[in-house]
Amino acid sequence: MQTTLQNPASLSEQTPSRLVSFWRTFRKSRTGVIGMWMLGIVIVMAIFAPLIAPYDQSSSEFVGIEDIYNPPNAEHWFGTDDAGQDIFSNFVYGARISLIVGFFAAFISIIIGGVFGLVAGFFGGRWETFLMRFTDIMLVIPDLPLMVVIVALTKPSLMNIIFVIGILGWTTTARVVRSQTLAVKSRKFVLRARAIGADKRHIVTRHILPLVMPILVVQAVLAISLAILNESALAFIGLGDPSALSWGQMLNYAFGRGAMSAGAWWALFVPGFGIVWVVLGLTLLGQGLEQVLNPRLDTHHLMPGRPIVRDEAQAKPDSSSALLEVRNLSINYVNDGKAPARAVEDISFTLKEGELLGLVGESGCGKTTLMLALLKLLPAAGQIVGGNVFYEGRDLTTLTEDEINTLRWSGISIIFQGAMNALNPVRTVGDQIAEAIIKHHPEQSRSQVLGRVDELLELVGIAASQRDNFPHQYSGGMRQRAMIAMALACNPKIVIADEPTTALDVMIQAQILELLDELRKKLGLSVIFVTHDLGIVAELCDRVLVMYGGVTAEYADVDTIYNSAKHPYTQELLKAFPDLTKPKKKLSSIPGYPPRLDDLPSGCRFAPRCPAAFERCHKEQPLVQSVGSNEHRASCHLLEASK
């Protein structure tokens with residue numbers, strides 16, 4: 001098999017193309033371009049100061065009394081100061097000091113604020129509480145007065161001023177970065193990275209930081225302008241470094257030595273204009289960069305936390321032939337000061353090799369929560385409070401994070417709902433598929449990994465040449481195929497498909513379903529298929545688990561469910577499903593809505609909507625009981641009454 005390798009030349013060609021693409025987008029922002037040119041003029045002037053300045057810095061050679069406070073003329077374009085020195089020359093050299101303070105102080109601020117924001121936003125808990133409360137305290141204290149006190153108590157050298165401004169100017173960056181981190185870490189592609197076994201360092205460096213970096217760049221630009229303003233303010237009140245002439249120091253000398261009394265407005269105007277020019281340019285540049293770099297991040301899920309599991313390590317699976325056995329699994333969402341929301345309660349099912357299990361129910365019935373619990377990817381508020389999940393005889397609920405990381409994707413993988421949200425928008429599709437392979441098979445060479453990526457893409461019907469495309473360059477169907485390829489990257493035995501055809505048109509849905517079925521038969525996969533569509537269940541599934549309100553309504557093979565359903569909820573779902581063999585069949589919908597998990601009705605959870613409910617249904621929750629043979633189980637009081 002031939003594999004496509006990216007040689008160093010091709011890799012080097014990608015960087016210029018991205019820079020060109022960035023410039024094409026950035027130049028559409030007029031404010032950003034204007035700001036860039038304004039800042040660029042000052043930077044060039046500072047770098048080439050010896051070539052631009054007509055006189056040496058602070059030169060007093062051949063200065064007489066008649067040269068003091070001379071107005072602008074042909075010899076001195078911006079006039080002279082109280083020492084008879086050329087203001088334009090001092091202005092050009094002063095730009096160096098102001099920019100040095102701005103850039104270095106901003107660098108310190110961004111490092112401190114960025115680290116605080118990333119740690120607080122990603123790790124949460126006590127780290128977040130401590131760091132954010134400390135940040136709040138620092139925000140209450142006015143920056144400039146505190147800088148004045150600290151600089152006044154220390155030697156007012158240039159280095160001290162840089163460190164003081166940098167150390168006290170990080171608070172805004174910390175809060176902004178924390179907010180951005182919270183938004184990024186809740187995206188599905190981060191959840192997908194955890195599912196393949198990525199550790200925290202990998203997630204932060206490869207997924208969180210690339211999307212937080214744009215806001216850091218914008219904050220850095222704004223921090224430079226703030227640092228220049230603070231240095232100018234300190235120098236203006238006499239706390240600048242007397243050996244380093246900055247624009248603020250020029251203002252201090254002019255104001256303190258009678259420039260206003262002498263009518264020498266130019267001595268104040270020139271350095272003041274320079275400060276305003278740079279700050280305005282940086283502000284415009286920051287706005288332009290924000291328009292280009294700062295994406296609008298939508299939140300979809302909470303950051304996965306480590307669930308609390310009841311100690312049942314000694315439990316053993318009941319079925320030795322089952323690849324996966326879920327026994328009496330219960331999951332609560334816990335909120336401080338409120339009763340827990342019982343999202344899943346006493347759910348049990350088995351999955352054999354090569355079997356396809358359909359998980360059916362309305363939105364809000366606990367299907368996705370159940371699937372996330374199998375891989376311990378629950379949100380931070382989600383807790384497994386009872387039950388077991390046996391995979392090849394091992395209870396997954398008792399495994400540590402490191403232990404289950406080795407099993408995620410290599411044993412059980414998941415196709416997340418909404419492929420566009422589950423794919424990182426700033427990384428190529430091929431790179432994201434390769435990520436799973438590298439995490440579980442680090443011994444493989446780059447050529448082997450790329451070859452495997454190409455093989456997976458071809459397997460799902462995507463040309464290997466599109467490996468280096470970004471998610472937005474794929475159609476909806478192609479993105480879903482890419483997610484399937486990613487799920488198969490490490491040859492798992494079980495694939496969880498969480499509504500993989502959502503938001504796709506009918507023809508594309510059919511193609512995706514046909515692909516899944518073909519891959520299941522070809523690779524011998526066991527599949528758990530979460531769906532609302534009973535037609536899909538009838539066509540593909542071997543067994544069906546019907547959930548309602550977080551509990552089992554009915555569990556049986558597909559023929560039993562369609563021909564001999566016992567639970568009223570299953571029967572009502574079938575009434576709402578069109579049957580082509582019965583064209584005159586009248587469709588009916590189920591009145592009402594599924595119950596709120598934090599406000600469940602007493603008794604049977606389906607009773608408020610059930611057409612066959614009687615008094616006992618509103619008082620006592622029915623137990624799951626066997627119905628006939630073929631592992632047919634249902635939870636309804638009517639079954640007891642019929643015996």
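This is a guided tour of a predicted model, one selection at a time.

**Stop 1: strand β9**

Select residues 543-548, which form strand β9. The strand is mostly covered, with 6 of its 6 residues buried. Show the side chains. Arg543, Leu545 and Met547 point one way. Val544, Val546 and Tyr548 point the other way. In a regular strand, side chains alternate between the two faces of the sheet.

Now add residues 356-360, strand β3. β3 and β9 pair in the parallel sense, over 4 bridges. To find the register, pick valine 360: its bridge partner in β9 is valine 546.

Next add residues 551-557, strand β10. Here the pairing with β9 is antiparallel and spans 6 bridges. Tyrosine 548 stands opposite valine 551 of β10. The hairpin of β9 and β10 has 2 residues between the strands. Select glycine 549 there and check its backbone: phi is positive, near 60 degrees.

**Stop 2: from β9 to a distant loop**

Stay on arginine 543 and add glutamate 631. Their side chains meet in a salt bridge, at 3.8 Å from N to O. Glutamate 631 sits in the loop between β11 (625-626) and β12 (633-634), while arginine 543 belongs to strand β9. The pair links distant parts of the chain, 88 residues apart. Which partner is buried, and which is partly exposed? Arginine 543 is buried, at 10% relative accessibility. Glutamate 631 is partly exposed, at 42%.

**Stop 3: further salt bridges**

A search of the whole structure finds 24 salt bridges. Three more selections follow.

Select arginine 175 and aspartate 136. Their side chains form a salt bridge of 2.7 Å, N to O. Arginine 175 is in helix α8 (residues 171-185) and aspartate 136 in helix α5 (residues 125-140), so the pair ties together parts 39 residues apart in sequence. Arginine 175 is partly exposed, with a relative accessible area of 39%. Aspartate 136 also counts as partly exposed, at 23%.

Move to glutamate 572 and lysine 575. This salt bridge is 3.2 Å, N to O. Both residues lie in helix α22 (residues 568-575); because they are 3 residues apart, about one helical turn separates them. Glutamate 572 is buried, at 9% relative accessible area. Lysine 575 is partly exposed, at 39%.

Then select Arg192, Arg206, Arg427, Asp431 and Glu435 together. A network of salt bridges links these residues.

**Stop 4: the open sheet**

Select β1, β2, β4 and β5. They make an open sheet of 4 strands in the order β2-β1-β4-β5, with antiparallel pairing. Which strands stand at the edges? β2 (341-351) and β5 (394-395) do. Each has a single partner strand, so one side of each is left without a neighbour in the sheet.

Zoom in on β1 (residues 324-333) and β2: 7 bridges join them in the antiparallel sense. Use tyrosine 333 as a marker; alanine 341 in β2 stands opposite.

**Stop 5: two nonpolar cores**

Select Leu324, Phe349, Leu370 and Trp409. These have the most contacts inside the largest nonpolar core, which has 105 residues. Centre on tryptophan 409. Beyond its neighbours within four places in sequence, its contacts include Arg192, Ile196, Ile414, His440, Met486 and Pro492. Another core, of 54 residues, lies apart from the largest one. Among its members are Ala95, Ile110, Trp266 and Leu282.

**Stop 6: serine 98**

Select serine 98 in helix α4 (residues 87-123). Serine 98 is buried, with a relative accessible area of 1%. Leaving out residues up to four places away in sequence, serine 98 touches Ile228, Glu231, Ser246 and Trp247.

**Stop 7: a nonpolar surface patch**

Finish with Val44, Ile47, Phe48, Leu51 and Ile52, shown as a surface. Together they make a nonpolar surface patch of about 490 Å². Helices α2 (30-47) and α3 (49-52) each supply at least two residues of the patch. Is isoleucine 47 buried or exposed? Isoleucine 47, in helix α2, counts as exposed at 51% relative accessibility, because the cut-off for exposed is over 50%.

Technical notes: Residues are numbered from 1 along each chain as its sequence is written. This is a predicted model: local features need pLDDT of at least 70, side-chain atom pairs count only at pLDDT 80 or more; totals for chains, interfaces and linings use all residues. Side-chain values use heavy atoms; hydrogens and water are left out. Buried means under 20% relative accessible area, exposed over 50%, partly exposed in between (1.4 Å probe, protein chains only). Two strands pair if DSSP finds at least two bridges between them. A nonpolar core is a set of buried Ala, Val, Leu, Ile, Met, Phe, Trp, Tyr and Cys residues joined through side-chain atoms within 4.5 Å. Contact means heavy atoms within 4.5 Å. Patches are made of residues with over 30% relative accessible area and no salt bridge: like charges are joined within 9 Å, nonpolar side chains (Val, Leu, Ile, Met, Phe, Trp, Tyr) within 5 Å. Accessible areas come from the Shrake-Rupley method with a 1.4 Å probe; for residues, only the protein chains shown count as cover. A salt bridge is a side-chain nitrogen of Lys or Arg within 4 Å of a carboxyl oxygen of Asp or Glu.
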